[in-house]
Protein chains: 4
Amino acid sequence: MKQVQVKKPGGLDNLLLTEGEARDPGPGEIKVRVHASSLNFHDYAVVVGLLPVDDGRIPMSDGAGVVEAVGAGVTEFAVGDHVMSHFFPAWQDGRADCAAKVGSVPGDMIDGFAAESVTMPVAAFGKMPRGYSFEQAATLPCAALTAWRAVAVEARIKPGDTVVVQGSGGVSVFALQFAKAAGAHVIATSSSNEKLERLQALGADQLINYREHEHWGDKVTELTNGRGADLIVEIGGSGTLPQSIQAVCMGGHISLIGVLTGFSGDMPAAALFQKNAVISGITVGSQAHQRDMVTAIETNGIEPVIDRSFPLDEIAEAFRLQESQQHFGKICLAY
Amino acid sequence: MKQVQVKKPGGLDNLLLTEGEARDPGPGEIKVRVHASSLNFHDYAVVVGLLPVDDGRIPMSDGAGVVEAVGAGVTEFAVGDHVMSHFFPAWQDGRADCAAKVGSVPGDMIDGFAAESVTMPVAAFGKMPRGYSFEQAATLPCAALTAWRAVAVEARIKPGDTVVVQGSGGVSVFALQFAKAAGAHVIATSSSNEKLERLQALGADQLINYREHEHWGDKVTELTNGRGADLIVEIGGSGTLPQSIQAVCMGGHISLIGVLTGFSGDMPAAALFQKNAVISGITVGSQAHQRDMVTAIETNGIEPVIDRSFPLDEIAEAFRLQESQQHFGKICLAY
Amino acid sequence: MKQVQVKKPGGLDNLLLTEGEARDPGPGEIKVRVHASSLNFHDYAVVVGLLPVDDGRIPMSDGAGVVEAVGAGVTEFAVGDHVMSHFFPAWQDGRADCAAKVGSVPGDMIDGFAAESVTMPVAAFGKMPRGYSFEQAATLPCAALTAWRAVAVEARIKPGDTVVVQGSGGVSVFALQFAKAAGAHVIATSSSNEKLERLQALGADQLINYREHEHWGDKVTELTNGRGADLIVEIGGSGTLPQSIQAVCMGGHISLIGVLTGFSGDMPAAALFQKNAVISGITVGSQAHQRDMVTAIETNGIEPVIDRSFPLDEIAEAFRLQESQQHFGKICLAY
Amino acid sequence: MKQVQVKKPGGLDNLLLTEGEARDPGPGEIKVRVHASSLNFHDYAVVVGLLPVDDGRIPMSDGAGVVEAVGAGVTEFAVGDHVMSHFFPAWQDGRADCAAKVGSVPGDMIDGFAAESVTMPVAAFGKMPRGYSFEQAATLPCAALTAWRAVAVEARIKPGDTVVVQGSGGVSVFALQFAKAAGAHVIATSSSNEKLERLQALGADQLINYREHEHWGDKVTELTNGRGADLIVEIGGSGTLPQSIQAVCMGGHISLIGVLTGFSGDMPAAALFQKNAVISGITVGSQAHQRDMVTAIETNGIEPVIDRSFPLDEIAEAFRLQESQQHFGKICLAY
């Protein structure tokens, strides 16, 4: 079976395609024939060496496949079940308060899903939404769960709330879809009118081309008749935070879930406290969050938007597309 | 201008049609030409004398109309504005913790909207949803706001949650509509297959005829694969509470918003605490809740379901239809 | 090592003292020399046969002791650590939404702590508060955690809130102590002036002898100048619920955590919904709740109130004292 | 009656002492003989011209005094009642979502309490805690309510939580007192060992001299055995935010309530989102928050810490003491 390994010092040219077959499952483990993964910024940081990992690490936090064998004592799954991964196998539910919970993310401190065959503890997997493909399922554990937690858990969006999503990456498109499923009014931003049209087709109610409106926070204020938005799903991080604080309503919510424009930067503290607004840092979610999200996806027939799928041995090409920022939605690996 | 008054000791045959013109508005007041009202159980209790009021009281808590004149210092509304009533003019926002808040419900301890002309403090009114008729707006301040508070405020339903609504009265139909707008899976109950079909047309995902399933709580358990529902919008009160406790999931929510089947009755306390479930008593909502609901209605294009409208002088006929329980959705007065 | 077993059909005269030594711990298990347990209504229901269990079951959900041996892969504890039990070993954190969580309560569907030697999965245990005795620790996993969840989790009591506690059983005394630690004003009820004095010594601010005030709900209303209490810790269940609904403030909270006066009974639904109050059913809590509680106990130096301790072979005497309702606080077994 | 006015362009030497008697109260107004005020950073910004106001404005947002006369329709207060001010007379309760709520802060866009005689709408006042002096009450409406909202409303601190307070200004000392009343463990920071001793005497459990520990966030991590604090009451703003993010626990809370070290500055976004922590901007609170706080103060006998009181005509001296940062707790004006 094929697999991909990250070789020091990292870099897309340094990804190594090897052969490997996962061991038989021990007690509490399952062996899975993986059929798909999807690309996230976290995976990119691993494969190019921004986030250093052990030499030979198998990358990719997301995976979906079929159970091939179950170890002793496993009651959760049977051979043949379709399963998808958990970003935090150690975070069952509740508050993100335990260091251990973040210590074993697949594709980071332990091997991940860029492999056709894996054996992992049963907690590493959850159920796939019924009727969805492996590629669709593989888009969910990191990007969709992050968006879900912002919209449905932290900001707890209700019908009529206004939500701003930034650009057309995986998290933003899922945030748009979940916000619409929750009955919200969605304002989408992008630098491309063509992408804005696609966001509109997915349900965006109002559009802002931020090349035309550099101070898009003011534009959100204008579009909301001076009130501002209830939630800004902030994926840019430090570079866009001042605009998000301008865009949010009194008592509103900014979900800080990405650092695309910088790991640190200026934050207008006075504006934030005058608005009585909340910034909540979000790193994906728990297994309970994932179960709720899967139910929401099934109930509302939400279809993950996949830009393109690559075979496993073209993983470097897949990351180059991600790097180019030309994609819309998720990029997948299918194998 | 026509108006209706309740004469002691109450009763549908004792409703008196009189003439009256509201006074000019004083400081902080507005004068409104009322064009519609809608019937609630609370109004029924007033007009038949279950809830005794002063002799000559003008009933009806709900009203919608056009501003005819504004008193000194009024900045919220201008002549010509379309307005609808607040059930609790003294409850602006926040916790229902002040006795004063419940002391001045129109059509109860003060005069209400069964009158073509009224003059009231500005706090008695809020904005109508844009593009909606007076009759549609008049269905909202009591029934819809009660349903909104159950679904969107207390249980804070998110996409994928399961909601049970009982029957086809005004509150239940609004609860169904709000739950669907919030992305929920809705199970509707009724004693009539014809009504169940109409509930399905409005979005209900699963149906239970409770004549066929007296223990409909067990049927909900079955339909949810043993899990139970996240929210039961309980309008029956004491008579149906045991089934609701059976139907609710672990850690779920029962919104107790009506007492149609009795003001008091048996409650299986042991079952409730084993389920770690919550029963929350709900009496309508605040002005802030109403603003949020109006935005949700506009955003999602929710159309109030009106069974039939009567002219003001046929108010007794309107209440007889309500009494018959044959209606589906709301009954209105239009004038 | 000594242990106690429940023999069919149950009953205090049917408790059997036997000898038994727990097996060596397997992977993920620890072996504990138990030194103390404490009595709860749940245990009483088991030993007298109200809650039927398998023949030979070792009862008692609460236990505290010293780790004697650890199995392979156990990193949470080392030999010599002082540990106390978890009521729900399968409930780590978050919502009580999984049937599995309530399926393996020690002393009920699996063997419990009426034994000097036990071997259980590591999840069955948590840390004891530093500086506390085994008997003190053994009072915490069921009664204290129930009180903690009512006060600190569900009602989330803040300084200045008013809390009503009923009687002087284990849960009520802990609720009083936690409410005082949270800065609340506490009203205690009892049928005995002597017990009321002891509750006052523990911090109760106002006292009601409910033999003198059968309608103690009205007395609470009077003592709070008509406002009512923010939280009623309801341990009586159906028999006292009507008084609790009378006693609670608008928008207040009733924690339903016991059914001493009946498993089912009359509930004045109309009063509940007019008050916009909440009844939340509570069955103990999660491991995360227990960690928080242990920290709160350490931080505030809260001392569990122990009425009397019995040796393990006098377990029937211990339950007879509990049955008599003459105790104040907790009854322990020490061995 | 004496009063103070701010003259353009502002500055402590430009404060003008004049004579003035408030008008008789109109409908819905009360006339109050003010006896005390207290100094906040907001007042300082007004009097020195950082926050420009109309020429002749009477400064000071906080006031306490005796009702001298009541206008028509006033039922809330009677002549002789002891009253204290509301920072936001237009914010009754609930979400801070209305621009109107922040538009009429006394001593800013309307006249404030640096006057022996004022006439204002009844909503500008609330009840004083029973048994407290005017000076004590005058410390509460801005500084104490801000601290209350951080501790008891936004972070909702429970017994055993760890709270970090910064320095010994008014908000920080109240935050310490409210956190202790709520059963929390408090870590206090200061640049002065003498002040740290006084903070300890007020209940602080652990102390950090941030001159000795410039990276006091690391010291908090160490003192909490690596876990971090549940709440950082952040009064420094941009300059101290990076340390606060270092100090907060996974899933913890930073209350951003001041900008002493800068209105804008660097924010380590990556650290925040990895911690799944929340920053909530806080500007004082509502009338409902103030009522709850007053009850908490009465219930727990919390004594406001007053550094020194000045007569009204020494207001410039009072602000010079505030400017020097040598004070501990609140500085008052008494007249």
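This report looks at the interface of chain C and chain B, then at Asn209(D).

## Ground rules

This is a predicted model, where local features need pLDDT of at least 70, side-chain atom pairs count only at pLDDT 80 or more, and totals for chains, interfaces and linings use all residues. Residues are numbered from 1 along each chain as its sequence is written, chains are lettered from A in the order in which they are written, and side-chain values use heavy atoms, leaving out hydrogens and water.

## Where C meets B

Chain C and chain B each put 34 residues into the contact (heavy atoms within 4.5 Å). About 2800 Å² is buried between them, 55% of it from carbon and sulfur atoms; buried area is the accessible area (1.4 Å probe) that two parts lose on being put together, summed over both.

There are two salt bridges between these chains (a side-chain nitrogen of Lys or Arg within 4 Å of a carboxyl oxygen of Asp or Glu). Asp230(B) forms one with Arg95(C), with the closest N and O atoms 3.0 Å apart.

## Strand to strand

β13 of chain B (residues 265–267) pairs with β13(C) in the antiparallel sense over three bridges. Strands are DSSP runs (E, at least two residues), and two of them pair if DSSP finds at least two bridges between them. Asp266(B) sits opposite Asp266(C).

## Over in chain D

Asn209(D) belongs to strand β10 (residues 206–209). Asn209(D) is buried, at 7% relative accessible area (buried means under 20%, with a 1.4 Å probe and protein chains only). Leaving aside neighbours within four places in sequence, Asn209(D) is in contact with residues including Ser191(D) and Leu196(D).

Definitions and conventions
Helix = DSSP H or I, 4+ residues; strand = E, 2+ residues; numbered from the N terminus. Buried < 20%, exposed > 50% of the residue type's maximum accessible area, 1.4 Å probe, protein only.
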